[in-house]
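The following exercises are to be worked with the sequence and the coordinates at hand. Each task is followed by a solution in steps.

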Amino acid sequence: MSIFDSPAFQGHEGLHAFADDATGLKGFIAIHSTTRGPAAGGCRMWAYADEQAAIDDALRLARAMSFKNAVADLDLGGGKSVIIGDARAAKTPALFEAFGRAVDTLGGRYWAAEDVGVSPADLAHARRSTRFIAGLEGHKAAAGDPSPVTAEGVKRGIELCVRRVLGKDLAGVTVALQGVGHVGAYLADKLAAAGARLIIADVDEAAVNAVAVRTGARMVSTEAIFDVEADVFAPCALGGAINRHTLPRLKARIVAGGANNQLAEPAIGAALLERGVAYAPDFVINGGGIISIASEIRALGDDGAYDPAWVEMKLSRLIQTLDDILERGIRELRPTQDIAIEIAQARIDAARIDAARA
Ligand code: NAD
């Protein structure tokens with residue numbers, strides 16, 4: 001099937017292939033939408049099985065960024081880049097400089113930040129070839145690691161869900177946390193400080209031990225985490241945690257966590273609703289990180305500084321939007337994921353109409 005006929009490409013503004021023979025760089029930049037502003041989204045480095053898998057991932061992730069940025073009410077569109085390669089073996093400074101040149105050819109229509117396999121140090125190399133890189137460290141505009149802001153938003157989102165569903169605060173509430181990497185570990189600390197009881201699992205034994213020692217969390221295997229008695233299930237590992245096999249095992253009345261793409265397929269949104277489980281849509285509750293990156297992009301645009309007060313204002317509004325989505329889910333008896341997508345799409349459409357009128 002040609003790219004233009006493929007359902008994955010529908011609705012995208014562009015897909016840009018890039019390559020650099022000298023460094024072995026190969027990859028794609030997908031731009032879903034620049035209607036609300038320049039497309040922004042991370043750069044992922046992954047050993048994709050083939051080019052089609054890399055294209056599909058870039059397109060899927062770029063679309064998701066349009067929705068995430070719109071629901072967080074940022075003046076940003078959605079885009080994503082993928083570099084084909086093993087992040088543990090194929091990274092070189094020259095490869096990321098070449099990536100920076102590829103980003104630069106788009107003249108600011110796309111801003112890259114970190115994603116799986118790409119660190120602030122890698123991006124610092126890319127920054128030598130283009131100014132359209134965010135998520136850096138060590139300058140006045142720099143957002144640094146977005147994970148603490150992501151975790152803060154997720155903690156507030158969980159608190160909101162617990163208040164709505166269980167009518168109490170976090171003290172004494174049991175949270176099953178899948179994945180204690182960057183976001184999961186910060187989240188565990190915040191939940192423990194608020195008095196929540198934690199049950200945690202991670203494939204990384206050192207990570208899970210360190211969090212257990214700090215927070216008093218109970219450790220279980222990565223399989224058992226789906227079966228534990230808990231009030232909240234918080235996916236903070238990879239995508240697809242909630243699927244046809246795991247959903248019937250969950251005891252929690254709330255699913256709310258930091259991971260992207262938590263629902264293995266759209267139909268799981270309806271299945272959660274049928275089971276009476278409140279679901280905080282992933283791309284809403286985990287928007288803190290991109291809000292932090294957006295502050296850096298703003299600051300770089302006007303030679304300003306990272307602005308924690310602006311980040312706090314956007315984060316508070318995002319949690320208010322989550323509250324509205326949860327309320328509509330109950331009132332309209334519809335999956336919250338569908339409602340969140342509808343809100344994001346409406347904001348993108350409104351910006352398109354405004355732009356056409358201007
Ligand atoms: P990370 O790689 O630091 O952490 C992921 C953790 O999950 C790791 O510790 C890993 O060992 C663990 N893990 C992998 N498979 C597992 C399994 N089957 N069971 C239990 N644990 C498992 O990544 P992160 O930055 O913390 O991101 C976590 C999730 O949040 C990802 O889905 C990411 O896309 C999403 N996210 C992150 C941010 C951010 O600011 N970092 C923002 C938005 C969304």
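**Exercise 1: Domains**

Task: State how far apart the C-alpha centres of domain 1 and domain 2 lie, and give the bounds of each domain.

Solution. The C-alpha centres of domain 1 and domain 2 are 29 Å apart in this predicted model. The domain assignment places residues 3-61 and 79-133 in domain 1, and residues 148-286 and 320-344 in domain 2.

**Exercise 2: Strand E6 and its partners**

Task: Determine whether the residues of strand E6 are buried or exposed, and which way they point. Then identify the strands that pair with E6.

Solution.

Step 1. Strand E6 spans residues 174-178, and five of its five residues are buried.

Step 2. In a regular strand, side chains alternate between the two faces of the sheet. In E6, Thr174, Ala176 and Gln178 point one way, while Val175 and Leu177 point the other way. Residues of both sets are buried.

Step 3. E6 runs parallel to strand E7 (residues 197-201), to which it is joined by five bridges. Within this pairing, Thr174 has Arg197 as its bridge partner.

Step 4. E6 also pairs with strand E9 (residues 232-235), in the parallel sense and over four bridges. Here the bridge partner of Val175 is Val232.

Step 5. Helix H5 (residues 182-193) joins E6 and E7 in a β-α-β unit, and this unit is right-handed.

**Exercise 3: Cysteines**

Task: Establish how many disulfides the model contains, and explain why Cys236 is not bonded to Cys161.

Solution.

Step 1. A disulfide requires two cysteine sulfur atoms within 2.5 Å. By this rule the count is zero.

Step 2. Cys161 is in no disulfide, and the nearest cysteine sulfur, that of Cys236, is 13 Å away.

Step 3. Cys236 is not bonded to Cys161 because their sulfur atoms are 13 Å apart, too far for a bond.

Step 4. Cys161 counts as buried because its relative accessibility is 1%, below the 20% cut-off. Cys236 is likewise buried, with a relative accessible area of 12%.

**Exercise 4: The ligand surroundings**

Task: Name the residues that come nearest to the ligand, and list polar atoms found close to its oxygen atoms.

Solution.

Step 1. There are 21 residues around the ligand, of which Thr150, His182, Val183, Asp202 and Ala237 come nearest.

Step 2. A polar side-chain atom of Asp202 is 2.6 Å from a ligand oxygen atom.

Step 3. For Ala237, a polar backbone atom lies 2.8 Å from an oxygen atom of the ligand.

Step 4. For Gly181, a backbone N or O atom is 3.5 Å from an oxygen atom of the ligand.

How values were computed:
Residues numbered from 1 in each chain as written. Predicted model: local features only at pLDDT ≥ 70, side-chain atom pairs only at ≥ 80, totals over all residues. Heavy atoms only, no water. Domains from an automatic or database assignment. Buried < 20%, exposed > 50% of the residue type's maximum accessible area, 1.4 Å probe, protein only. Helix = DSSP H or I, 4+ residues; strand = E, 2+ residues; numbered from the N terminus. Pairing = 2+ DSSP bridges. Right-handed = clockwise from strand over helix to strand, strands pointing away. Near = heavy atom within 4 Å. Polar contact = N/O pair within 3.5 Å; in protein donor to acceptor, adjacent residues only side chain to side chain.
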